[in-house]
Amino acid sequence: MRIPFQVESGKNVLMGMIHIPHKVESKNKIALMCYGFNGERTEEHRMSVKLSEQMEESGIIMVRVDFRAQGISSGDMSESSLSTRCEDIWNVLNFLEGCFGASDPNRAYYLIGFSDGARVATGVLTREEAK
């Protein structure tokens, strides 16, 4: 099942899609895609859509989101940076906590980053370790 969503991040609105398996349990893992510099939630040849569909069939909740100023999210490209992209991911993670239960200690979140998105994922994880 695909559910579109929007999240505020700074003064911008991020648009995304959640792929949810037919049965949602606390053991379901949640994966969040972090795209490269000009990447967006559909990507060339719809590779992230195809991956999301496969993950959904495997019982994994998959989240695709456009960073600010990318795809159909609002914002100006001149305001996009590594720190704003990390902020975008944190805001999406907070949204997901609200959707799937912040009090669930068994919920696992995974960041998938390729190209410049790997820097975003690392930046988010580094911030987490600093808390």
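In this predicted model, helix H2 (residues 82–100) buries Thr-84, Arg-85, Cys-86, Asp-88, Ile-89, Trp-90, Val-92, Leu-93, Leu-96 and Phe-100. The helix runs for 19 residues and spans 27 Å between its first and last C-alpha, close to the 27 Å expected at 1.5 Å a residue. Just after H2 comes Gly-101, with a positive phi near 95°.

The buried side of the story continues in the largest nonpolar core, which holds 27 residues. Within this core, Ile-18, Val-63, Ile-89, Val-92 and Leu-96 touch the most other members. Two or more residues come from each of E1, E2, E3, strand E4 (61–65), H2 and H3, and H2 makes the biggest contribution, with seven residues. Ile-18 offers a good place to look around: leaving aside residues up to four places away in sequence, its contacts are Met-1, Arg-2, Ile-3, Phe-5, Ile-61, Met-62, Val-63, Phe-95, Leu-96 and Phe-100.

Two of these neighbours of Ile-18, Phe-5 and Phe-95, also meet each other as a stacked aromatic pair, with 5.1 Å from centre to centre and 15° between the planes. The pair bridges distant parts of the chain, since Phe-5 sits in strand E1 (residues 2–9) and Phe-95 in H2, 90 residues apart. The two rings differ in exposure: Phe-5 is buried because its relative accessible area, 7%, falls under the 20% limit, whereas Phe-95, at 26%, counts as partly exposed.

The count of aromatic pairs comes to two. Tyr-35 and Phe-114 make an edge-to-face pair, their centres 6.0 Å apart and their planes at 85°. Here both partners come from loops: Tyr-35 from the one between strand E3 (29–34) and helix H1 (47–57), and Phe-114 from the one between strand E5 (108–113) and helix H3 (116–130), so the pair ties together parts that are 79 residues apart in sequence. Tyr-35 is buried, at 0% relative accessibility, while Phe-114 is partly exposed, at 27%.

Returning to the start of the chain, E1 pairs with strand E2 (residues 12–19) in the antiparallel sense, over eight bridges. Within this pairing, Gln-6 stands opposite Met-15 of E2. The hairpin that E1 and E2 form has two residues between the strands, and Gly-10 there adopts a positive phi near 65°. Both E1 and E2 are among the elements that supply the core with two or more residues.

Note on methods:
Residues are numbered from 1 along each chain as its sequence is written. This is a predicted model: local features need pLDDT of at least 70, side-chain atom pairs count only at pLDDT 80 or more; totals for chains, interfaces and linings use all residues. Side-chain values use heavy atoms; hydrogens and water are left out. Rings of Phe, Tyr and Trp (its six-membered ring) pair if their centres lie within 6.5 Å; planes under 30 degrees apart count as stacked, over 60 as edge-to-face and the rest as tilted. Helices (H or I, at least four residues) and strands (E, at least two) are DSSP runs, numbered from the N terminus. Buried means under 20% relative accessible area, exposed over 50%, partly exposed in between (1.4 Å probe, protein chains only). Two strands pair if DSSP finds at least two bridges between them. The expected span of a helix is 1.5 Å times one less than its number of residues. A nonpolar core is a set of buried Ala, Val, Leu, Ile, Met, Phe, Trp, Tyr and Cys residues joined through side-chain atoms within 4.5 Å. Contact means heavy atoms within 4.5 Å.
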